[in-house]
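Student: Hey, could you walk me through this one? I haven't looked at it before.

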Amino acid sequence: MERMPQEKKLEYLLRSSKIVAAGFLGDDPRSPEQIIETDLTALMHLGYTVEQVAERMQELTVLAIPKLGNPVQASGRLQICSEDYKGEIICPWPHPVRLAKRVTTARRLDTAESIRWSDLNIHMIAEHGFFEGIGSAFRVEPAVLVRVIFEDFAGPV
Ligand SMILES: [Zn+2]
């Protein structure tokens, strides 16, 4: 099926974006629509919605902000740390939103697994269902994310 010109424009924007090195698609050959569809399906199988995931990411980010640069215990098994890189970043969609250049890392003390995200990741996941392409600097792998941020996650049903 012929793709809409608007979708091609979006792919171009995400692939060539100078906001981050290597753009938002990394070396992923798939279109943004394919990436989004695959990740949303994976998330559904894991038993979570983008809203739940984004809400938890936001909650952890807010918890880490007062101790910027220093680890915070979100619980006995989950440690988080936010770093501020000064400045703002815009949504590449494009979308009239400006977000702080902040990166939050969540680390599980029981499994040693960790994942990091930017405020822009939270926005793109919540608003666009976009976890970035494989190979991009800030790709958020849905399965890893869910395993790290939801301590009661017991695996797909
Ligand atoms: Zn947006």
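Student: Let me start with a tyrosine I clicked on. Is Tyr48 buried or exposed?
Tutor: Tyr48 counts as buried, because its relative accessibility is 16% and the cut-off for buried is under 20%. Keep in mind that this is a predicted model.

Student: Okay. Which ring does Tyr48 form an aromatic pair with?
Tutor: With Phe150: the two rings are stacked, 4.0 Å centre to centre with 15° between the planes. Phe150 is buried as well, with a relative accessible area of 11%.

Student: And where do Tyr48 and Phe150 lie along the chain?
Tutor: Tyr48 is in the loop between α2 (32-46) and α3 (50-64), while Phe150 is in the segment after α5 (142-149). They are 102 residues apart in sequence, so the pair ties together distant parts of the chain. Tyr48 and Phe150 also form one aromatic cluster with Phe153.

Student: How many aromatic pairs are there?
Tutor: The count is 3. Among them is Trp93 with Phe130, an edge-to-face pair at 5.3 Å centre to centre and 65° between the planes. Trp93 belongs to the loop between β2 (78-91) and β3 (95-108), and Phe130 to the loop between α4 (119-128) and α5, so this pair links parts 37 residues apart in sequence.

Student: Are Trp93 and Phe130 buried or exposed?
Tutor: Trp93 is buried at 17% relative accessible area, and Phe130 is buried too, at 0%.

Student: Switching topic: which residues are the protein donors of the zinc ion?
Tutor: Cys91 through SG, His95 through ND1, and His123 and His128 through NE2. They lie 2.0 to 2.3 Å from the zinc ion. Along the chain the donors follow the spacing C-x3-H-x27-H-x4-H.

Student: Why is the arrangement around the zinc ion irregular?
Tutor: The angles between the 4 donor atoms run from 94 to 137°. To count as tetrahedral, all angles would have to lie between 85 and 135 degrees, so the upper end of that range rules it out.

Student: Is Cys91 buried or exposed, and what about His95?
Tutor: Cys91 is buried, with a relative accessible area of 2%, whereas His95 is partly exposed at 28%.

Student: What about helix α4, how many of its residues are buried?
Tutor: 8 of its 10 residues are buried, so α4 is mostly covered. The buried ones include the zinc donors His123 and His128. Covering those buried residues are parts that include α2, α3, β2, β3 and β4 (114-118).

Student: And Ala126, what's its relative accessibility?
Tutor: Ala126, which is found in α4, has 35% relative accessibility and counts as partly exposed. Just after α4, Gly129 takes a positive phi of about 65°.

Student: Last bit: where is Thr104 found, and what does its side chain make a polar contact with?
Tutor: Thr104 is in strand β3, and its side chain makes a polar contact with the side chain of Ser82 at 2.6 Å. Thr104 is buried, at 0% relative accessibility. Leaving out residues up to four places away in sequence, Thr104 touches Thr61, Cys81, Ser82, Ile115, Arg116 and Trp117.

Student: Arg116 caught my eye there. Which ring face does Arg116 lie over?
Tutor: The face of Phe138, with Arg116 at 4.0 Å from the ring centre.

Conventions: Residues are numbered from 1 along each chain as its sequence is written. This is a predicted model: local features need pLDDT of at least 70, side-chain atom pairs count only at pLDDT 80 or more; totals for chains, interfaces and linings use all residues. Side-chain values use heavy atoms; hydrogens and water are left out. Donors are N, O and S atoms within 2.8 Å of the metal (3.2 Å for Na, K and Ca); water is not among the atoms, so sites may look incomplete. Four donors count as tetrahedral if all angles lie between 85 and 135 degrees; four count as square planar and six as octahedral if opposite donors are over 155 degrees apart and all others between 65 and 115; anything else is irregular. Buried means under 20% relative accessible area, exposed over 50%, partly exposed in between (1.4 Å probe, protein chains only). Rings of Phe, Tyr and Trp (its six-membered ring) pair if their centres lie within 6.5 Å; planes under 30 degrees apart count as stacked, over 60 as edge-to-face and the rest as tilted. Helices (H or I, at least four residues) and strands (E, at least two) are DSSP runs, numbered from the N terminus. A charge sits over a ring if NZ of Lys or CZ of Arg is within 6 Å of the ring centre and within 35 degrees of the ring normal. Contact means heavy atoms within 4.5 Å. A polar contact is a pair of N or O atoms within 3.5 Å; within protein, one must be able to donate a hydrogen and the other to accept it, and residues adjacent in sequence count only if both atoms are side-chain atoms.
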